[in-house]
Amino acid sequence: MSKYADVDRLEESEIEGVAAGLCDLDRQSREMTGLTIAELAGESVGFASHDEALAAQVAVGDGVAPRVAVIPVTSGYGLIGGFAQTLVAILNHLGANARATDKTDLAGLEEAYRARAQLIFMADDYTFTAVSTRGGAMSDNGIATGRAFGCALAHMARGGEVLVLGAGPVGLSATRYLKGCGFAVSVYDKDPARLSAAVEATGAGREQDGCVARYRNILDATNGADFITAADVTSETRISAPGIPLGPTAQVRSLVPVFHNPLELGTAAMYYDCLHQLTSTTAGKRGAVVANADAAKARFGRAALARQVAATFSCEGR
Ligand code: 2YJ
């Protein structure tokens, strides 16, 4: 459980190794899902291919990496040591030109605008959001995370049935995404009112306590610890788990593939979500399309796009 009584907040120790481990995570992600974190994130927000996502990135950055500001936010329980720098590392790994503002809060917002940031990332104790300074793009971490971990599970899945545990924003978003992929999705939440609302809102099946062992494909969007035990799994079980603490025990994690990372895929999905909204006429309901990915492709060429982006996040030799 989080040491904070009223909020689920990441802790410094939970993100310590994230920046240094991004290439390892990509390798692990490829082993489990066939795709890197960037590829999963891009697919989850609707890019038809990773090339399209790269073209959108170069279009938004007008030939170079998009400028992204991460603003440390002191409200509530305050800064999490290394949080802003970890987001910067994740975003740069994807090919962005990200930096944390020197100032926090509103002064940081002003600093970001003065530096002509195109995207801004910031989180308090309840909301983690990304917004664009032009074009009205916005991406919420909970929604982006649900889709992206749903996408990871879709690539790992055995058969067409999925159990989503937890009907908060992440679980709801994952349910919608997986239903959209054609899976038969059932949901369980220990709060009956929240479970009923989720079933009503998504059209998913309603599950009950003790159902875990009957499913091979599980998305754990709860904040419960160690409740998926060895007795619940077979060699066919596949688990995607965005949350901390983890539902599957250490033993389960040694027995079956458990796709998990505390911040990386959710952040990547927010970044690509904004790029998609800024470049796609179908995604841009919220605001204007400010960059044309096809024009960028024609202008900079496919190979140049790939080179430009690869130069910033190549894992070769790392
Ligand atoms: O800027 C900082 O260092 C802090 N204000 C970061 C706070 C990080 N926030 C969290 O960990 C919350 N759990 C975010 C909720 C996201 C909901 N998906």
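Visitor: Let's start with aspartate 125: buried or exposed, and why?

Guide: Aspartate 125 counts as buried because its relative accessibility is 10%. Here buried means under 20% relative accessible area, exposed means over 50%, and partly exposed is in between, using a 1.4 Å probe and protein chains only. Keep in mind that this is a predicted model, where local features need pLDDT of at least 70 and side-chain atom pairs count only at pLDDT 80 or more, while totals for chains, interfaces and linings use all residues. Residues are numbered from 1 along each chain as its sequence is written, and side-chain values use heavy atoms, with hydrogens and water left out.

Visitor: Where does aspartate 125 sit, and what does its side chain reach?

Guide: Look in the loop between strand 3 (119–123) and strand 4 (128–132). Helices (H or I, at least four residues) and strands (E, at least two) are DSSP runs numbered from the N terminus. The aspartate 125 side chain comes within 2.9 Å of the backbone nitrogen of tyrosine 77, and it also makes a polar contact with the side chain of arginine 9, at 2.7 Å. A polar contact is a pair of N or O atoms within 3.5 Å; within protein, one must be able to donate a hydrogen and the other to accept it, and residues adjacent in sequence count only if both atoms are side-chain atoms.

Visitor: How many residues surround the ligand?

Guide: There are 16, and the closest are Asp8, Val73, Ala123, Asp124 and Asn141. A residue is near a molecule if one of its heavy atoms lies within 4 Å of it. The shell divides into 9 nonpolar, 3 polar and 4 charged residues. For that split, Ala, Val, Leu, Ile, Met, Phe, Trp, Tyr, Cys and Pro are nonpolar, Asp, Glu, Lys and Arg are charged, and the others, Gly among them, are polar.

Visitor: Which backbone atoms should I zoom in on?

Guide: Try aspartate 124, with a backbone N or O atom 2.8 Å from a ligand nitrogen. Then go to isoleucine 80, where a polar backbone atom is 3.0 Å from a ligand oxygen, and to leucine 10, where a backbone N or O atom is 3.1 Å from a ligand oxygen. Altogether the protein covers 86% of the 490 Å² of accessible area that the ligand has on its own, with areas from the Shrake-Rupley method and a 1.4 Å probe.

Visitor: On to sheets. In what order do the 6 strands of the open sheet run?

Guide: Two strands pair if DSSP finds at least two bridges between them. The order in this open sheet is 8-7-6-9-10-11, with parallel pairing. Strand 8 (205–206) and strand 11 (258–259) are the edges, each pairing on one side only. Strand 6 (residues 161–165) and strand 7 (residues 184–188) share 5 bridges, and leucine 163 stands opposite serine 186 in strand 7. Strand 7 is mostly covered, with 4 of its 5 residues buried.

Visitor: How do I read the two faces of a strand, say strand 2?

Guide: In a regular strand the side chains alternate between the two faces of the sheet. In strand 2 (residues 97–100), Ala98 and Ala100 make up the covered face, and Asn97 and Arg99 the uncovered one. Strand 2 runs parallel to strand 1 (residues 67–71), joined by 4 bridges.

Visitor: How many disulfides are there?

Guide: A disulfide is a pair of cysteine sulfur atoms within 2.5 Å, and by this rule the count is 0. For cysteine 181, the nearest cysteine sulfur belongs to cysteine 151, 6.7 Å away. Cysteine 274 has no disulfide either, its nearest cysteine sulfur, again that of cysteine 151, being 17 Å away. Cysteine 274 counts as buried because its relative accessibility is 0%, whereas cysteine 181, at 40%, counts as partly exposed.

Visitor: Any backbone oddities?

Guide: A cis peptide bond joins isoleucine 244 and proline 245, with omega about 0 degrees. Proline 245 is in the loop between strand 10 (238–240) and helix 10 (250–255). Arginine 116, though not a glycine, has a positive phi of about 60 degrees; at 61% relative accessibility, arginine 116 counts as exposed.

Visitor: And which residue caps the N-terminal end of helix 12?

Guide: Asparagine 292 does, with a side-chain oxygen 2.9 Å from the backbone nitrogen of aspartate 294 in helix 12 (residues 293–300). After helix 12 comes glycine 301, with a positive phi near 80 degrees.
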